[in-house]
Amino acid sequence: MRKRTLVGQFLVIVFLTSCSVTQPEVITQVDPNQEVKNIILMIGDGMGLAQISAAVYSGSDRLSFDNFQVTGLHKSHSSSDLVTDSAAGATAFATGEKTFNGAIGLNKDTVAVKTILEECEEKGLATGLLATVAITHATPASFIAHQPTRVLYERIAADFLETDIDYFVGGGKQYFDRRKEDNRNLYMELIQKGYQVSDYFEKPLEQTKPDVKKPFAYFTADKNPLPVTAGRNYLAFATKQALQFLENRSEKGFFIMIEGSQIDWGGHSNDGNWMLQELLDFDRAITEALRFAEKDGNTLVIVTGDHECGGMCLTEKSKMGRPKFKFSTNGHTASLVPVFAYGPGSELFHGVYQNTAIYHKMRAALGWDSAITAERE
Ligand code: MG
Ligand code: ZN
């Protein structure tokens, strides 16, 4: 009898342990009246409500998204198209300007506009960009570069040398060190500028120990990193590393944009599992951001998508734990996109507004813009 009981207890323990792995943790809310020192803007590329729903229902009916008390919706259209691309979408968040599809950090008249990352850098905050595609790809590029079209990867790479960004991690090494357009070696130029630079070939990101006295750059691929389904697994670790690094880099605070980049590519390919695994990877990074913000108390976390991709829906064959998807297009759609906010300043993100309002709301949260200006958009 005694033996049987012990076996029973053992089984119960195993069961509970496996449950606790799949149950995302509950993050407690922080005092909303604290000053905002840090902003973590997290963009799920191509992440609409159906994509989030699929991820929520793929597991235990709970994700990091459940920890957000403030939600809103943004209108993602660009100046040229009702259906935006990622360049115009990210430029709207970064600069507060609706621009034409393909434009990186320019307004609709092709004039360069200062981005929130550049402004933070000028004001002495630490800054960062983290992506799971090439760091020169449209979404991260729109926060630091100014180019008329998104495919100019080498010119976008050169723009990284124009701003003293403190931390960046993503693919795209070849646009820095094997350039076709000129003979510059931007990898060496970064080192000459004082950066600690490393890449996937030298050592895994997990083995890097960035010194906060110097800016840090790390390349995760020559072009685009692999999908999660093929073994990529650095986003959550890099999120934790970046936040710790940036926190100690400037007393004035920091701004970072973290992208779950390939959710969009799962959508374009109508590959439900690719999309889902990328979203779950992004969710693990959101948990890291929320853990940091919960402990810090002066950090605003915003999670949104730039647009929906794939015209995705969950079909009637779906079951809890096993969602089934259908896609209606290989492209982006114009659906309103959900916004989630946590921490001081989060209340600004209630409601329905233009994608450009996210820029003004972030500035208002930092005390650089009135809340009225932020509401007007
Ligand atoms: Mg993107
Ligand atoms: Zn796309």
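Here are three short exercises on a predicted model, each with a worked solution.

**Exercise 1.** Find which residues coordinate the magnesium ion (ligand 1), and work out where Asp45 and Glu259 sit in the chain.

*Solution.* Start at the metal: the donors are Asp45 (OD), Thr139 (OG1) and Glu259 (OE), at 2.0 to 2.2 Å. Written along the sequence, that gives the spacing D-x93-T-x119-E. Now place the two acids: Asp45 lies in the loop between β1 (38-44) and α2 (49-58), while Glu259 belongs to strand β7 (residues 254-260). They're 214 residues apart, so this pair links distant parts of the chain. Last check: are they buried or exposed? Asp45 and Glu259 are both buried.

**Exercise 2.** Describe how helix α9 (residues 235-249) packs against helix α11 (residues 272-296).

*Solution.* First, get the geometry: the axes come within 8 Å and cross at roughly 25°. Angles under 35 degrees count as roughly parallel, so α9 is roughly parallel to α11. Next, the handedness: α9 passes α11 in a right-handed crossing. Then look at who touches whom: the α9 side includes Leu235, Lys240 and Leu243, and the α11 side includes Phe282, Arg284 and Phe292. Sorted by class, this contact holds seven nonpolar, one polar and six charged residues.

**Exercise 3.** Do the same job for α2 and α11.

*Solution.* Here the axes are 9 Å apart and the packing angle is about 80°. That falls in the 65 to 115 window, so α2 and α11 are roughly perpendicular. On the contact list, Gln51, Ile52, Ala54, Ala55 and Ser58 of α2 meet Met275, Leu276, Leu279 and Leu280 of α11. The class tally is seven nonpolar, two polar and no charged residues.

Methods: Residues numbered from 1 in each chain as written. Chains lettered and ligands numbered in written order. Predicted model: local features only at pLDDT ≥ 70, side-chain atom pairs only at ≥ 80, totals over all residues. Heavy atoms only, no water. Donors = N, O, S within 2.8 Å, 3.2 Å for Na, K, Ca; no water. Helix = DSSP H or I, 4+ residues; strand = E, 2+ residues; numbered from the N terminus. Buried < 20%, exposed > 50% of the residue type's maximum accessible area, 1.4 Å probe, protein only. Axes fitted to C-alpha atoms, helices over the stretch in contact; angles between N-to-C directions. Parallel < 35°, antiparallel > 145°, perpendicular 65-115°, else oblique. Left-handed = near helix turned anticlockwise from the far one by under 90°. Contact = heavy atoms within 4.5 Å. Nonpolar A, V, L, I, M, F, W, Y, C, P; charged D, E, K, R; others polar.
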